[in-house]
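Reader: I would like a close look at a single part of this protein, followed by whatever else can be said with care about its surroundings. Please take the time to connect the details.

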Amino acid sequence: MPPRYARVTHPLVRENGELRPASWDEALDRAAAGLRKTRDEGAEIGIFSCSKTTNELNFAAQKFSRVALQSNNIDSCNRT
């Protein structure tokens, strides 16, 4: 058993309530499938971006939200 605050060095996926090591491909496929399922069920998905990052990364986040997630719900902490 790793120490309580050990650094995670590989992806973990939950199977039957337990975490197990997985490949990066499997972990990313599961994440994409989960987002796709949520979107297809009609749930709203949003992105929260940071004002301290570059304009290019904020642009990429809003593009991902609009194209991949089919959502216009994007916000950032620019007002603070």
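How many residues does helix α2 have, and how far does it reach from its first C-alpha to its last?

Author: The model is a predicted one, and what follows should be read as a description of that prediction. Helix α2 runs over residues 55-68, which gives it 14 residues, and its first and last C-alpha atoms are 19 Å apart, close to the 20 Å expected at 1.5 Å a residue.

Within α2, the buried residues are Asn58, Ala61, Gln62 and Ser65. These residues lie on the same side of α2, because they cover an arc of only 90° around its axis. The general pattern behind such an arrangement is that an α-helix has 3.6 residues a turn, so residues three or four places apart point the same way. On the other side of α2, by contrast, Glu56, Leu57 and Val67 are exposed. As for what lies over the buried side, the cover of its buried residues includes two strands, β3 (47-49) and β4 (74-76).

Asn58 deserves a separate word among the residues of helix α2. Its relative accessibility is 18%, and Asn58 therefore counts as buried, the cut-off for that class being under 20%. Leaving aside residues up to four places away in sequence, Asn58 touches Ser49, Cys50 and Thr53. Between the C-alpha atoms of Asn58 and Leu69, which are 11 residues apart along the chain, the separation is 15 Å. Just after α2, Gln70 takes a positive phi of about 55°.

Away from α2, the charged side chains offer a second subject, with a count of six salt bridges. One of them is formed by the side chains of Glu15 and Arg30, at 3.4 Å from N to O. Since Glu15 belongs to strand β1 (residues 12-15) and Arg30 to helix α1 (residues 24-40), this pair ties together parts that are 15 residues apart in sequence. Glu15 has a relative accessibility of 35% and so counts as partly exposed, and Arg30, also at 35%, counts as partly exposed too.

Arg30 has a further partner in Glu26, with the closest N and O atoms of this salt bridge 3.6 Å apart. Arg30 and Glu26 both lie in helix α1, where a spacing of four residues amounts to about one turn of the helix. Through these shared partners, salt bridges join Glu15, Arg20, Glu26 and Arg30 into one network. The link to Arg20 is supplied by Glu26, whose side chain meets that of Arg20 in a salt bridge of 2.5 Å, N to O. Glu26 counts as partly exposed at 25% relative accessibility, and Arg20, likewise at 25%, is placed in the partly exposed class.

A third subject is the nonpolar part of the surface, where Val8, Leu12 and Leu19 make a patch of about 270 Å². Of these residues, Leu19 is found in strand β2, which spans residues 18-21. With a relative accessibility of 48%, Leu19 counts as partly exposed.

To return to the part that was asked about, α2 in this predicted model has one side that carries the buried residues Asn58, Ala61, Gln62 and Ser65, while Glu56, Leu57 and Val67 are exposed on the other.

Note on methods:
Residues are numbered from 1 along each chain as its sequence is written. This is a predicted model: local features need pLDDT of at least 70, side-chain atom pairs count only at pLDDT 80 or more; totals for chains, interfaces and linings use all residues. Side-chain values use heavy atoms; hydrogens and water are left out. The expected span of a helix is 1.5 Å times one less than its number of residues. Buried means under 20% relative accessible area, exposed over 50%, partly exposed in between (1.4 Å probe, protein chains only). The arc is that of the directions from the helix axis to the C-beta atoms. Contact means heavy atoms within 4.5 Å. Patches are made of residues with over 30% relative accessible area and no salt bridge: like charges are joined within 9 Å, nonpolar side chains (Val, Leu, Ile, Met, Phe, Trp, Tyr) within 5 Å. Accessible areas come from the Shrake-Rupley method with a 1.4 Å probe; for residues, only the protein chains shown count as cover. A salt bridge is a side-chain nitrogen of Lys or Arg within 4 Å of a carboxyl oxygen of Asp or Glu.
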